[in-house]
Structure formats: C-alpha cells, structure tokens
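Thank you all for coming. Please take a look at the sequence and the structure first, and then I will walk you through them slowly.

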Amino acid sequence: MLKAYMILSIILFSIGVVGLISRRNIIVIYMSIELLLNAVNLSLIAISADLADSSAQVMSLIIIAIAASEAALFMSLFVVLFRNKGSLDANLFDILGEKNG
Amino acid sequence: MQNEILFVILALVTIVSSVVMISAHRPIDSALSFIITLISIAALFALVNATFLFVVQIIIYAGAILSLILFIIMFLNIKDDNLPDEKYKNRWLLATSIIITPFSAILIDLILRSDIAVNGVSDEKFGTIKDVGLTLFSEWVLPFELVSILLLVALIGSVTLSKRKD
C-alpha cells in the first residue's frame, strides 16, 4: 500500500508541475500549486500510517495551514490584478518589473 | 482486498479529475474538478486511518479554500475575453508532460526498487484527534506558534493589498 501511495503522490506531483508550467490562467496556476501541496501531504500521510508515527500528520497539518494563508494572499492578489489589468493572463502581470509601475 | 479496490478507484478518480483541472479552459470547471480531487484525496487519507486529517482536509481544503476560490471566480465576473486565449494550450501541456515524464519515471522506479517496509497500522488510536493533538502540542509547539505568526502576516498582507488606493 505504501508504494502505491507514493507512486500516486509522484503522479499527482507531476500533473501539478505540468499545470504549473504550461498554463497561463493564473487561477489554474494557483490550483496547480495546491495540487503539489496535496501530493506532498498524501505521501506524508502514507509514511506516517506505515510507521505508526503521527509526526508526519502534524507536518501535513502545518502544510494545510500554510496553504490556507497562501490562499488568502492569492485571492487578494487575484482581485487587485484583475482590477488593474482586466484579465487573468499571467503573462500580463509584470508590474513588479516596470520602472514606474 | 477491499482496501485495494477502493484505493484503485480513488486513485483513478484523483488522477482523472486533476488532469481535467489542469486542462480545462474556464477556471470554474477546473475549480469544480479540483474539489473532486481534494475529496478523493481526503478519502485516501481515511483509507490509512488518518481520520483527523480526513476531517481537516474536507473542512479546510474542500470547504474553505475551494469555496473561497469559487467565490472569487464568481465575484470577478469573468467573461471569455478576460481569459488568456492560450491557442497552443494542448501543445504546451503535451510538451511539458513529455519533459516531466522521465523524472517521474525515475522516481517511480526508485520507489519500486526500494525496500521500504509495508507494515500497515495495528494501533487503534493512531490518527485520532487525541494522538495528533498530543504530538502537535508536545513535539511541534514551536512550528505551531510560527504558523500563527504566518497566518497573522497573511491576514495583514491581504488586507493591505486590497486597500491600496491606486
């Protein structure tokens, strides 16, 4: 079971990386990052169940808390960027690079 | 045996819905299929007796974070011309998966060759809220407190970002 869980976690991580690299829609990019975190959580939970040690479960709880705070920041960024540019295209969001932006 | 059948079904649901998530054109479709991914991952947690994480996954991920995403998507009132046109989306997805496949194949091969123990859980109390809570408040107190600071920073940051005048 542990090997199957690890393989599933690797597959999910690869799907998340593919989405993260190849999409330009910023909401899909955000959800791909969440998928990466979930893949890591899955392997942590499988390892903790296999070793009967709950430290890894605490680690994945902390990862979930980090994902929640990340979600809050991402949502306010979406609203601000969508108000400024009127689009969800990640290629348009280069205001950090402009000289007088 | 029953667990293996359930695992295969849940793994297939997870993989298919996450593929739909990264390839759907409209963000509402990908958010809805990502909810299916998260709920089946929660069921995979429950399959290895991690009951508390199962509840947390459903409440926080599928409940709070994804409903926040759905709320934002509906609040922004996204039309089709607000979306990036992504003419070569399928080509990009194909090319990136071709690049990623060898890496994940190496990792899967490594997992298959390794001799990690397959014990399964015998302890009844494992994964309950008492067990996880005792570990959290005895060995992991410092990371727990640091997470509270992180949540405060995220709160202040999101309020500051959305209150900017320009």
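Let me begin with a question: does B:N77 count as buried or exposed, going by its C-beta neighbours inside 10 Å? With 8 such neighbours, B:N77 counts as exposed, since a residue is called buried if 20 or more other C-beta atoms lie within 10 Å of its own, exposed if 12 or fewer, and partly exposed in between, with the C-beta atoms placed from the backbone.

Before going on, I should say that this is a predicted model, in which local features need pLDDT of at least 70 and side-chain atom pairs count only at pLDDT 80 or more, while totals for chains, interfaces and linings use all residues. As for labels, residues are numbered from 1 along each chain as its sequence is written, and chains are lettered from A and ligands numbered from 1 in the order in which they are written.

Staying with B:N77, you will find this residue in the loop between α3 and α4 (89–113) of chain B, where helices (H or I, at least four residues) and strands (E, at least two) are DSSP runs numbered from the N terminus. The phi of B:N77 is near 55°, a positive value in a residue other than glycine. For background, most residues other than glycine have a negative phi.

Chain A offers another example, A:A52, which sits in the loop between α2 and α3 of chain A and has a positive phi near 55° although this residue is not a glycine. A:A52 is partly exposed, because 16 other C-beta atoms lie within 10 Å.

Just ahead of A:A52 comes helix α2(A), and here we can check the length against expectation. The expected span of a helix is 1.5 Å times one less than its number of residues, so the 26 residues of α2(A) should span 38 Å, and the end C-alpha atoms are indeed 38 Å apart, which agrees. In α2(A), 20 of the 26 residues are buried, so this helix is largely enclosed by the rest of the structure. One residue of helix α2 of chain A is A:D50, and with 21 C-beta neighbours inside 10 Å, A:D50 counts as buried. A:D50 and A:L2 are 48 residues apart in sequence, and yet their C-alpha atoms are 6.8 Å apart in space.

Now let us turn to how the chains meet. In total, 59 residues of chain A are in contact with 71 residues of chain B, contact meaning that the C-beta atoms of two residues, placed from the backbone, lie within 7 Å. On the chain A side, the elements giving two or more residues are α1 (2–22), α2 (26–51) and α3 (55–85), and α3(A) provides the largest share, with 22 residues. That side divides into 40 nonpolar, 14 polar and 5 charged residues, where Ala, Val, Leu, Ile, Met, Phe, Trp, Tyr, Cys and Pro count as nonpolar, Asp, Glu, Lys and Arg as charged, and the others, Gly among them, as polar.

What about the largest nonpolar core, and which of its residues touch the most other members? A nonpolar core is a set of buried Ala, Val, Leu, Ile, Met, Phe, Trp, Tyr and Cys residues joined through C-beta atoms within 7 Å. The largest one has 54 residues, of which A:I27, A:M31, A:L42, A:I45, A:A46 and B:F45 touch the most other members. At least two residues each come from α1, α2 and α3 of chain A and from α1 (2–23), α2 (27–47) and α3 (51–76) of chain B, and α2(A) gives the most, with 13 residues. Leaving aside residues up to four places away in sequence, A:A46 touches A:L2, A:Y5, A:M6 and B:V48.

Finally, consider α3(B), whose 26 residues should span 38 Å at 1.5 Å a residue; the end C-alpha atoms are 36 Å apart, which agrees. This helix has a kink of about 30° centred on B:L66, the bend at a residue being the angle between axes fitted to the seven residues ending there and the seven starting there. The buried residues of α3(B) pack against α2 and α3 of chain A together with α2 of chain B. Among them is B:I69, which counts as buried with 24 C-beta neighbours inside 10 Å, and which touches A:I27 and B:A31, not counting residues up to four places away in sequence.
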